[in-house]
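Ready for some practice at reading a protein model? Grab a pencil, look at the picture, and try each exercise before you peek at the solution.

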Amino acid sequence: MGENFASANLGKFESLDQFVFEAPEVKIKREGKVFLKELLNLTGAEISFNKLSAHESISFYHTHQQNEEIYIFLKGTGEFQIDGKIFPVREGSIVRVDPAGERCYRNCGDTDLYLIVIQVKAGSYEGRTIQDGVAVRKRVSWEQ
């Protein structure tokens, strides 16, 4: 950790079972899900790493009040459902869902499904990444 950064190591994807997400108010307890907000002191997005075991399904639909979500599938095969439309997802698939979209996904394969989910406030992005970046006039050095 430093003044201008935070860093963490979650370990190998196969070890995501060590993390347990619980939301007692809606009776949800799920192994293989970790949110990074507190871990990295995130201030503009929420990111989670997720593991879904073979033939497992998320057991509920959900929407958001303000946040759109971006799902990035890293390994495995599954299906995604938004507002009753079902389509396949696999390694390399990326899905964006508006806040009001009723969403759910499942693992259709015989191996674990791994994905990253990014939540950001819908409509909050005001410029392109290159326009926000500022070049630092300094030679790159890896010596400490």
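**Exercise 1. Find the element that gives the most to the lining of the largest pocket.**

Step 1. Start with the winner: E4 supplies four residues to that lining. Strands like this one (E, at least two residues) and helices (H or I, at least four) are DSSP runs, numbered from the N terminus.

Step 2. Look for the helpers. Strands that each supply at least two residues of the lining include E2 (28–31), E3 (33–35), E4 (46–52) and E5 (67–75). E9 (103–107) and E10 (113–121) do so as well.

Step 3. Put a number on the space: the largest pocket has a volume of about 300 Å³. Among the 21 residues that line it, Lys 33, Phe 35, Phe 60, His 62 and Glu 69 are the closest to its centre. A pocket here is an open set of points on a 1 Å grid over the protein atoms alone, where a 1.4 Å probe fits, with protein on both sides within 12 Å along at least five of seven lines; lining residues have an atom within 4 Å of a point. The points are joined across faces, edges and corners, and the volume is the space filled by probe spheres set on them.

A quick note on what you're looking at: this is a predicted model, where local features need pLDDT of at least 70 and side-chain atom pairs count only at pLDDT 80 or more, while totals for chains, interfaces and linings use all residues. Residues are numbered from 1 along each chain as its sequence is written, and side-chain values use heavy atoms, with hydrogens and water left out.

**Exercise 2. Describe the overall build of the protein chain.**

Step 1. Count the elements: two helices and ten strands.

Step 2. Put them in order from the N terminus: β-β-β-α-β-β-β-β-β-β-β-α.

Step 3. Add the dimensions. The C-alpha trace spans about 50 × 35 × 30 Å along its principal axes.

Step 4. Check the burial: 31% of the 144 residues count as buried, which means under 20% relative accessible area, with exposed over 50% and partly exposed in between (1.4 Å probe, protein chains only).

**Exercise 3. Is Asn 41 buried or exposed, and what about His 55?**

Step 1. Place them. Asn 41 sits in the loop between helix H1 (37–40) and E4, and His 55 is in the loop between E4 and E5.

Step 2. Check phi. For Asn 41 the angle is near 55 degrees, a positive value in a residue other than glycine. His 55 isn't a glycine either, yet its phi is positive, at about 60 degrees.

Step 3. Now the verdict. Asn 41 counts as exposed because its relative accessibility is 62%. His 55 counts as exposed too, because its value is 53%.

**Exercise 4. Which residues do Ser 7 and Asp 17 touch, leaving aside neighbours within four places in sequence?**

Step 1. Find Ser 7 in the segment before strand E1 (20–23). Ser 7 is partly exposed, at 49%.

Step 2. List its contacts (heavy atoms within 4.5 Å): Met 1 and Leu 40. The C-alpha atoms of Ser 7 and Asn 41 are separated by 9.7 Å, with their places 34 residues apart along the chain.

Step 3. Repeat for Asp 17, found in the segment before E1 and partly exposed at 33%. Asp 17 is in contact with Glu 31, Gly 32 and Lys 51.
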